[in-house]
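User: I've got a model open and would like to talk through how it is put together. Can we go step by step, beginning with what holds the inside together?

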Amino acid sequence: MVSFLEFEKPIAELEARVIELRATASAGDIDIGGEIDKLEQRAAKMLVDTYAKLTPWQKTQVARHPDRPHFKDYVAGMFDNFMPLAGDRAFSDDQAIIGGLATLGERRIMVIGHEKGDDTASRVRHNFGMAKPEGYRKAIRLMQLADRFGLPVVTLVDTSGAFPGVQAEERGQAEAIARSTEQCLALGVPMVAAVVGEGGSGGAVALAAANRVLMFEHAVYSVISPEGCASILWRTADKASDAATAMQVTAQHLKGLGVIDRIVPEPTGGAHREPVQAIANLGAAIGEELDLLTGLSPQDLRTDRADKFLAIGA
């Protein structure tokens, strides 16, 4: 069953009506197949029309949908031979960021990403994808390992932001994020990052300072959440919709601004409706970008990254 968002209520009502009619048709001899077909076509058209004109706030809601694929789903559907590598070798293993060796097609890579979890227990275990310093230091360790063995790095970004707790600040949260961003820029191997859900603040940039930054069609990427921005500007989170519009958080806006390089299409209705197709789309896009980067020298890769980020806003 699909969990419908607030703006999808008219679609939900139509689809519920279709289910009711199917139950009626299967229980009796009444032929209502034609009526069911009409309703299905109407619901499908309404879904296409709705998702063709989503507002930035509605896209934020889609990006946060609980049924949207998470890191473990991408690992299972996109990569083979995944071998997780744990710990920062200094404090602990942060489950908000997971990484390890894997293969994408015939290519061996290092994959790193945020994991939010998909039920109460896993969300608590993964801290809702909000990493602490040890998570970013683990990412640094894995990127250095990939650099040493000449493995491309692929990162999957999906976080509302780094964990803002006192313990994280005591252990050097800002420094860890800065070091992780620095390590991305220093890599001598190709790096492709994909914003697959939320890309929130420095917690996202720490894994996204890549040669190529991809973004799902209905993902969002911003320096602060719309609610946080609204609370600062208007002293109320009720203005989150206005904040999302003003901040230009969508993939379409960010592509025009040069912040991202490529928009990856999602199935109609969002990645949560057809996760297998969404994962396949992303895997193909990442493979194509890695093909384009293969063969560049370490210095060319570093220069490419530096030029890309220095050009933003110029």
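Analyst: Sure, one term before we start: a nonpolar core here is a set of buried Ala, Val, Leu, Ile, Met, Phe, Trp, Tyr and Cys residues joined through side-chain atoms within 4.5 Å. Keep in mind that this is a predicted model.

User: Which residues touch the most other members of the largest nonpolar core?

Analyst: In general, nonpolar side chains tend to be buried together in soluble globular proteins. The largest core here has 63 residues. Those touching the most other members are Phe79, Ile112, Val153, Leu156, Tyr221, Leu282 and Ile286.

User: And which helix gives the most to this core?

Analyst: Helix 13 runs over residues 275–293. Seven residues of the core come from that helix, and no other gives more. So the name you want is helix 13.

User: Which residues is Val153 in contact with, leaving aside its neighbours within four places in sequence?

Analyst: Val153 is one of the residues that touch the most other core members. Skipping the neighbours within four places, its contacts are Met110, Ile112, Met143, Ala146, Leu187, Val189, Pro190, Met191 and Val192.

User: How many residues are in the second, separate core?

Analyst: Leu47, Tyr51, Leu54 and Val62 are among its members. The count for this separate core is seven residues.

User: Is strand 6 largely enclosed or largely open?

Analyst: Strand 6 covers residues 212–216, and a residue counts as buried under 20% relative accessible area. Four of its five residues pass that test. The strand is therefore largely enclosed by the rest of the structure.

User: Which strands pair with strand 6, and in what sense?

Analyst: Strand 5 (residues 191–200) pairs with strand 6 over four bridges, and Val192 stands opposite Arg212 there. Strand 8 (residues 262–264) pairs with strand 6 over three bridges, with Phe216 opposite Val264. So the partners are strand 5 and strand 8, and the sense is parallel.

User: Now the charges. Which residues form salt bridges with Lys72?

Analyst: Side chains of opposite charge can pair when their charged atoms come close. For Asp73 and Lys72 the closest N and O atoms are 3.3 Å apart, while a second bridge to Lys72 has an N to O distance of 2.8 Å. Lys72 is partly exposed at 39% relative accessible area. The partners are Asp73 and Asp118.

User: How many residues apart in sequence are the parts that Asp118 and Lys72 tie together?

Analyst: Asp118 sits in the loop between strand 3 (107–114) and helix 5 (120–125), and Lys72 belongs to helix 4 (residues 71–78). Their salt bridge therefore ties together parts that are 46 residues apart.

User: How far apart in sequence are the parts joined by Arg107 and Asp291?

Analyst: Those two form a salt bridge, with 2.5 Å between the closest N and O atoms. Arg107 lies in strand 3 and Asp291 in helix 13, so the parts tied together are 184 residues apart.

User: Zooming out, what is the radius of gyration of the protein, and why does it agree with a compact globule?

Analyst: The protein has 314 residues, and buried ones make up 50% of them. A compact globule with that many residues would have a radius of gyration near 20 Å, so the protein's value agrees. That value is 21 Å.

Note on methods. Residues are numbered from 1 along each chain as its sequence is written. This is a predicted model: local features need pLDDT of at least 70, side-chain atom pairs count only at pLDDT 80 or more; totals for chains, interfaces and linings use all residues. Side-chain values use heavy atoms; hydrogens and water are left out. Buried means under 20% relative accessible area, exposed over 50%, partly exposed in between (1.4 Å probe, protein chains only). Helices (H or I, at least four residues) and strands (E, at least two) are DSSP runs, numbered from the N terminus. Two strands pair if DSSP finds at least two bridges between them. A salt bridge is a side-chain nitrogen of Lys or Arg within 4 Å of a carboxyl oxygen of Asp or Glu. The radius of gyration is taken over C-alpha atoms; the globule rule is 2.2 Å times the number of residues to the power 0.38. Contact means heavy atoms within 4.5 Å.
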